[in-house]
Amino acid sequence: MKTVLILSFFLILLSNSAHAKTAITTSGGVSLGSYKGGFLYYLTEFIKSNPKHVQISHMAGASAGGINAIFAVDTLCSKKSFSKEESLFWKVWVNTGVNQLFDPEKVTPLSVFHREGMDPYINELKERFKNGYSKDCNLTIGIPVTSKHPFNMIDHEKVYFPSLRNFFVFTISGNGEGKPVSFRNRIIKGTTKNQLQLPFSDDFNQNYDLIKKVMYATSAFPVAFAPVKIPTCKKSESNCSAENSQESTFFDGGVFDNNPFSLTNQISELLYPKTYKKFEYYYLNSSNHAFKELDTSSINVEEKENLSSMIANSLSDLIAVSRMSEEATFLKDNLDVIERSIVPTTLLPPMSSPLYAFMGFYDIDFRKFDYELGMNDAHEFVKKKYKSKDIRFPSLNNTALHNCFEMIRKSSKEAIDKCEENFPELDENLQKIFQLEIFRAHRFCKNLNDKEGRFKDLCKFYGLSDQAYTIIPNLPKGLDTPTKNSEGEESEVNYILRVLDTLKFKYTDLNLNSSFHVDGVEKVYLSQRRMLNAFKRKQPSQEAAMIGVIETYLLQNLDYIPPSDLLYFNFGNTLEVGIKKNYPTFSKSVNFQASFYFLDYYTFLGSEADNIAISPTIGVSISPRIFHHDNYRLSLGIQLGYQFSSRDGYGGEDCRISDYRVKGSYCSGDLAILYVAAGIFDRVNLKFGYMIHKEIGPVLDAKTGFLMIGYNFF
């Protein structure tokens, strides 16, 4: 009997050690949700296919990572194995772009985007939760949010430590197939008041509505999406219900905790207080992915900087540091956790990374590529981690693309030959993205600091030759590097879009609202301007002007395209009211204009002067790139017209020499105007020039100088 007990005891130990206790942390990243979605889709399908080797008990995710954490519950708990197109990861992140998010009529004073394009997939998740899962489905989720109003995070009357960081922790449990899942709050021990509860009840629909609000709140990137109101209870509330809850407003959980590693660890301690220090963590952190320098403090780049650029750069750095503040505070005191963490890396830089991770929203093929890249990185991750013979690996499906990913990983002739053989089978747009990504990765690896040893294996392929590998034939020389001019090196976004234009990339999302051809950089620029203008129109006048200045600064980092339609008003010793028109398909440097000049315009304001001259004109101005500066742009222009003067009956009478004033400027007749103008943030005008009038009789120098200041409306 004793022998049987001992054997049983060892069998239990063996069964418990057959799979590691594992948790997942996934960061936010706006459209990088497509890359993370692909990674998590493959990882969760792998976990479901290999329950003897790995099981997940809990996850934490912020922003887009929070949405993905909830989706992962569906994949892990469902008995069905989903194809990538059937998964909610694909449906939300691949199918959601600018056309699904932006509608000028649905812009609000607080947000540019709306959620209606995502609602069908979030509602599909509701149906899957309602249909239920088996009783062994039991996953705890942690999601941070940011409060709109500060609160005292320390529960003590003598101290005040303001905080905006909140989080929710809840368990989703299956009750058997055909029965809706249930939700319950899980309380983490501690002295801070950051944790909040949700007023769950016996009503599934009400419960899911709370979960939906949490998903939308944690991913409510400021200005992009509107904050979300959620009924909540304090952590100390013993019976959280709708009756004793209080509605509060929340937005992006990634503002202070974009990588909720500490929350994952806290949940581990809550669920397994005796063994949580043995947990293994899969840590999907977009701020720590490959092709991103870890430490730039030693880089000394001399660059011209003015006040606005200094403020903008400092603000950008402040936001980046803020989003990792909670993680940094946790890790500095828990270095042992790092040793138990596995951080996957990306084979190539995701297409969604640029433009503050909004780039992916501009074309569905950007998102498809990132999703496939995420799947491939997850496949490589589990292949290295789990080497047992009975491991089952889900299929990658898109064979041609993944063969080319393997070419980069293996760097062998056989792998190169296989990629080149299968490459023509790949969708043309994905071919062009793959070639672009090779260029981006090659440039990164060639400039790599010797200390960045973590990239050694990833950069092996690019060390085969000093020249970037080209799989698309007959490419122009120099396409693998950004251009340089007097203003410095081409931005990464401009470089990406320029290469895609050269490769004749066919945009899908950005072409839906365009009936003519413009370059990719212009498509993105005009799309952003359209969004910002719609947002600006929803603001009070004083705030709209401020947004206009911010808009100009943000857009100039991408490119400069004059407003297509512009109404302007200038005044000084003369007055001008006019319109300008730009056709980017013709030239971004040339503007056409039509205006009215009013000499002696103060006559209209009650002066006794009897000289009035009205001059309708048409003209053209040119503003070459060399005239562009960070905050202002110079232009040269000429206008032609006819002046109608009250002195000669607006051209109906003879203009006598005795009537001349200011060397003949008050006679009716042909008119030419030459000027130099400076546009400050595309809003404020300074205009200096001469009106050259028709020479009459002895008047040899009939011209009028002017200096005006004005404002542009667009």
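User: Let's start with a cysteine: is C233 buried or exposed?
Analyst: Keep in mind that this is a predicted model. The cut-off for buried is under 20% relative accessible area. C233 comes in at 2% relative accessibility, so C233 counts as buried.

User: And which cysteine does C233 pair with in a disulfide?
Analyst: The link from C233 has 80 degrees about the S-S bond and is right-handed. The cysteine at the other end has 10% relative accessibility and counts as buried. With the sulfurs 2.2 Å apart, the disulfide joins C233 to C240.

User: How many disulfides turn up in the whole structure?
Analyst: C233 to C240 is one of them. C77 and C137 form another disulfide, and C404 and C419 pair up as well. A search of the whole structure gives a total of four.

User: How far apart in sequence are the parts that C77 and C137 tie together?
Analyst: Their sulfur atoms sit 2.0 Å apart, and the link is right-handed, with 70 degrees about the S-S bond. Both C77 and C137 are buried. C77 is in helix α3 (residues 64-77) and C137 is in the loop between α6 and β3 (138-152), so this disulfide ties together parts separated in sequence by 60 residues.

User: What about C404 and C419: is that disulfide right-handed or left-handed?
Analyst: The sulfur atoms of C404 and C419 are 2.0 Å apart. C404 belongs to helix α15 (residues 399-410) and C419 to helix α16 (residues 413-422), so the pair ties together parts 15 residues apart in sequence. Both cysteines are buried. The torsion about their S-S bond is about 90 degrees, so the disulfide is right-handed.

User: On to charges. How many salt bridges does the count come to?
Analyst: Side chains of opposite charge can pair when their charged atoms come close. The cut-off here is a side-chain nitrogen of Lys or Arg within 4 Å of a carboxyl oxygen of Asp or Glu. E116 and K106, at 2.5 Å from N to O, are one such pair. By this rule the count is 25.

User: Where in the chain do E116 and K106 sit?
Analyst: E116 is partly exposed, with a relative accessible area of 45%, and K106 is partly exposed too, at 32%. The two are 10 residues apart, and each one is in the loop between α5 (98-101) and α6 (119-131).

User: Are R165 and D257 buried or exposed?
Analyst: The side chains of R165 and D257 meet in a salt bridge, 3.1 Å from N to O. R165 is in strand β4 (residues 162-173) and D257 is in helix α8 (residues 254-257), so the pair ties together parts 92 residues apart in sequence. As for accessibility, both R165 and D257 are buried.

User: Which helix holds E492, the salt-bridge partner of R440?
Analyst: R440 and E492 meet at 2.9 Å, N to O. R440 is buried, with a relative accessible area of 8%, while E492 counts as partly exposed at 28%. The pair links distant parts of the chain, 52 residues apart: R440 is in helix α17, and E492 is in helix α18.

User: Which residues are linked in a network of salt bridges?
Analyst: Both charges are represented in this network, with Asp and Glu on one side and Lys and Arg on the other. The linked residues are D377, E380, K383, K384, E406 and R409.

User: Now the backbone. What is the phi of N474?
Analyst: Most residues other than glycine have a negative phi. N474 lies in the loop between α17 (428-446) and β11 (484-485) and is exposed, with a relative accessible area of 79%. N474 is not a glycine, yet its phi is positive, at about 60 degrees.

User: Where is Y356, with its positive phi?
Analyst: Phi of Y356 is near 55 degrees, a positive value in a residue other than glycine. Y356 is exposed, with a relative accessible area of 59%. Its place is in helix α13 (residues 354-357).

User: Last one: which element gives the most to the nonpolar surface patch?
Analyst: The patch covers about 900 Å², and its residues include Y583, F592 and I638. The elements giving two or more residues are β17 (632-645) and β19 (684-693). I638 lies in β17 and counts as partly exposed at 38% relative accessibility. With three residues, the element that gives the most is β19.

Note on methods
Residues are numbered from 1 along each chain as its sequence is written. Side-chain values use heavy atoms; hydrogens and water are left out. Patches are made of residues with over 30% relative accessible area and no salt bridge: like charges are joined within 9 Å, nonpolar side chains (Val, Leu, Ile, Met, Phe, Trp, Tyr) within 5 Å. Accessible areas come from the Shrake-Rupley method with a 1.4 Å probe; for residues, only the protein chains shown count as cover. Helices (H or I, at least four residues) and strands (E, at least two) are DSSP runs, numbered from the N terminus. Buried means under 20% relative accessible area, exposed over 50%, partly exposed in between (1.4 Å probe, protein chains only). A disulfide is a pair of cysteine sulfur atoms within 2.5 Å.
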